[in-house]
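Student: Could you take me through the salt bridges in this model, one pair at a time, and then show me what else sits around the parts they involve? I'd like one long answer rather than a list.

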Amino acid sequence: MDTLAIKEPNEALPKVSFEELPKSLQDAMAKAAWKTPTEVQSRAIPYLLARRDIMVQSRTGSGKTGCYLLPMLENLSPEKSHVQLLVLVPTRELALQVEHEAEILFASTGLQPCAIYGGCGFKKQVNTLAGGVQIVIGTPGRILDHILHRTLDLSKLEELVLDEAVHALGHGIV
């Protein structure tokens, strides 16, 4: 049996239920066919809505992606055409998975996600970025390529997520 070990800060925020979530998050959960937040989501979402930094470690399939994507409905603006959220992931497969979840959760909100990863054409990614996206999900190497080629501007970045941080950063401590 798995035991839940939770380390909360001194000024811990209370868990949130589905009914307590903002309407935009409830609607997004309905689009994804999620009836209630998972345990990790109910604990993490209040911190991100309050724009507090958090670190979450939870088993695969526990809803971590929803932890950070759902609050972005409240934290990001579709009216802004620049990159507001960068999600660093270690693999192209995870980039595509997160992009897929973002497309479902952000459908009809005006927030545009884009996966950026190596092993495929650079020009298509350049064109997508030039079209104006608010959310970039990518692998560190390809993100760096775009920064060095000046095709990705992160100067107005508002949110940063390190998904599977140890792997995304090459097993180094930053």
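Tutor: Here is a walk through the charged pairs, followed by some surroundings. Keep in mind that this is a predicted model.

How many salt bridges turn up in a search of the whole structure? The count is six. Let's start with the pair that stays inside a single helix. Asp27 bridges to Lys23, and their closest N and O atoms are 2.7 Å apart. Both residues belong to helix H1, which covers residues 23–31. They are four residues apart, about one turn of the helix. As for exposure, Lys23 counts as exposed at 56% relative accessibility, because the cut-off for exposed is over 50%. Asp27 comes out as partly exposed, at 33%.

Now for a pair that reaches across the sequence. Arg51 and Glu159 join their side chains in a salt bridge, 2.7 Å from N to O. Arg51 sits in the loop between helix H2 (39–49) and helix H3 (64–69), while Glu159 is in strand S4 (residues 159–162), so this contact ties together parts that are 108 residues apart in sequence. Is each partner buried or exposed, or somewhere in between? Glu159 is buried, with a relative accessibility of 13%, because buried means under 20%. Arg51, on the other hand, is partly exposed, with a relative accessible area of 46%.

Arg51 deserves a second look for its backbone. Most residues other than glycine have a negative phi. Arg51 is not a glycine, yet its phi is positive, at about 60°. Arg150 also has a positive phi, near 60°, and is likewise a residue other than glycine. Where is Arg150? Look in the loop between H7 and S4. With 78% relative accessibility, Arg150 counts as exposed.

That loop brings us to another bridge. The side chains of Glu158 and Lys80 meet at 3.0 Å, N to O, in a salt bridge. Glu158 is in the loop between helix H7 (140–148) and S4, and Lys80 is in the loop between helix H4 (72–75) and strand S1 (85–88), so the pair links parts that are 78 residues apart in sequence. Both ends are partly exposed: Glu158 has 31% relative accessibility, and Lys80 has 34%.

While you're at the Lys80 loop, find Ser77, which is also in the loop between H4 and S1. Ser77 counts as buried, at 17% relative accessibility. If you want a distance to check in your viewer, take Ser77 and Ala50: their C-alpha atoms are 16 Å apart in space, with their positions 27 residues apart in sequence.

There's also a group to look at as a unit. Lys15, Glu39 and Arg43 are linked in a network of salt bridges.

Next, some nonpolar surface. Which residues make the nonpolar patch of about 290 Å²? Leu144, Ile147 and Leu148 make it. Leu148 lies in helix H7 and counts as exposed, with 62% relative accessibility.

Finally, there's a pocket to look into. The second largest pocket holds about 170 Å³ of space. Its lining includes Leu96 and Glu99, along with Pro113, Cys114, Ala115, Tyr117 and Cys120, and also Gly121, Lys124, Gln125 and Thr128. Three elements give two or more residues each to that lining: helix H5 (92–105), strand S2 (113–116) and helix H6 (122–130). By type, the lining divides into six nonpolar, three polar and two charged residues.

One last stop is His100, which is in helix H5. His100 is partly exposed, with a relative accessible area of 44%. From its C-alpha atom to that of Cys114 is 9.5 Å, and the two residues are 14 apart along the chain. Cys114 is one of the residues lining the second largest pocket.

Conventions: Residues numbered from 1 in each chain as written. Predicted model: local features only at pLDDT ≥ 70, side-chain atom pairs only at ≥ 80, totals over all residues. Heavy atoms only, no water. Salt bridge = Lys/Arg side-chain N within 4 Å of Asp/Glu carboxyl O. Buried < 20%, exposed > 50% of the residue type's maximum accessible area, 1.4 Å probe, protein only. Patch = residues over 30% accessible without salt bridge, like charges linked within 9 Å, V, L, I, M, F, W, Y side chains within 5 Å. Areas by Shrake-Rupley, 256 points an atom, 1.4 Å probe, with all protein chains shown as cover. 1 Å grid on protein atoms, 1.4 Å probe; cavity = no way out; pocket = protein on both sides within 12 Å on 5 of 7 lines; lining within 4 Å. Points joined across faces, edges and corners; volume = space filled by probe spheres on them. Nonpolar A, V, L, I, M, F, W, Y, C, P; charged D, E, K, R; others polar.
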